[in-house]
Amino acid sequence: MKNENISPDEELKPWYYQYWFLYPTFILWPLWSILILRSPWHNGVLSGAIAWAWLISGGYLIIKRAELGGTVLGSTLAFVVPGILLTILTQILWLKDKNKLREEGVIVDNPTLLTGAIRKRNPRRKPQGRRRRH
């Protein structure tokens with residue numbers, strides 16, 4: 001059992017990590033990506049890879065459009081600024097909520113503590129020696 005697969009209960013999700021909020025925020029760069037990457041509930045390889053790709057490709061497109069300047073830059077900023085503002089807001093809220101979850105013992109930042117807790121509940125079998133074929 002790996003500790004990356006352990007996530008808090010679904011009912012502990014704040015409103016900004018619930019699916020009704022996450023699905024429409026995909027178009028708001030960089031909100032969706034940051035929420036996925038920082039979430040203890042969304043820790044899959046596929047969603048993480050998509051989030052990083054969305055961040056990198058969106059950043060590249062914004063830089064390229066900013067080089068053009070003029071109305072292209074204005075329309076780009078009109079599209080990006082709401083996502084950045086919502087990202088800042090949700091991350092401030094997440095810091096507050098994450099501290100509450102830490103105090104309640106739901107989120108453990110130190111992986112060695114978590115691994116120790118897992119081992120106490122699920123003791124591993126002793127490793128067996130390598131068997132030789134004759």
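**How the labels were earned**

Tutor: Let's open with T25, whose side chain reaches the backbone oxygen of F21 at 3.3 Å. Keep in mind that this is a predicted model, where local features need pLDDT of at least 70 and side-chain atom pairs count only at pLDDT 80 or more, while totals for chains, interfaces and linings use all residues. Residues are numbered from 1 along each chain as its sequence is written, and side-chain values use heavy atoms, with hydrogens and water left out.

Student: What makes the 3.3 Å between the side chain of T25 and the backbone oxygen of F21 a polar contact?

Tutor: A polar contact is a pair of N or O atoms within 3.5 Å, with one able to donate a hydrogen and the other to accept it; residues adjacent in sequence count only if both atoms are side-chain atoms. The value here is 3.3 Å, so it passes the distance limit.

Student: Where does T25 sit, and is it buried or exposed?

Tutor: T25 is in the loop between α1 and α2. Its relative accessibility is 3%, and buried means under 20% (exposed is over 50%, partly exposed is in between, with a 1.4 Å probe and protein chains only), so T25 is buried. Beyond its neighbours within four places in sequence, T25 is in contact (heavy atoms within 4.5 Å) with L31 and W32.

Student: What else is in that loop?

Tutor: P30 is there, and the peptide bond from W29 to P30 is cis, with omega near -5 degrees.

Student: How do you know that K13 is buried?

Tutor: The relative accessible area of K13 is 6%, so K13 falls on the buried side. K13 lies in the segment before α1 (19-22). Outside its neighbours within four places in sequence, K13 is in contact with Q18, Y19, W41 and H42.

Student: How many helices does the chain have?

Tutor: Five, along with zero strands. Helices are DSSP runs of H or I with at least four residues, strands are runs of E with at least two, and both are numbered from the N terminus.

Student: How do you know that the length of α3 agrees with its residue count?

Tutor: The expected span is 1.5 Å times one less than the number of residues. For the 24 residues of α3 (residues 45-68) that gives 34 Å, and the end C-alpha atoms are 35 Å apart, so the two agree. The buried residues of α3 are G48, A51, L55, G58 and G59, and they pack against α2 (31-38). Right after α3 comes G69, with a positive phi near 70 degrees.

Student: Why is the K64 and E67 pair called a salt bridge?

Tutor: The label needs a side-chain nitrogen of Lys or Arg within 4 Å of a carboxyl oxygen of Asp or Glu. The closest N and O atoms of K64 and E67 are 3.7 Å apart, so the pair qualifies. A search of the whole structure finds one salt bridge. K64 and E67 are three residues apart in helix α3, so about one helical turn separates them. At 36%, K64 is partly exposed, whereas E67, at 57%, counts as exposed.

Student: Which residues make the nonpolar surface patch?

Tutor: L77, V81, I84, L85, I88 and I92 make it, at about 530 Å². I88, for one, is in helix α4 (residues 70-103) and has a relative accessible area of 47%, so I88 is partly exposed. Patch residues need over 30% relative accessible area and no salt bridge, with nonpolar side chains (Val, Leu, Ile, Met, Phe, Trp, Tyr) joined within 5 Å and like charges within 9 Å.

Key:
Accessible areas come from the Shrake-Rupley method with a 1.4 Å probe; for residues, only the protein chains shown count as cover.
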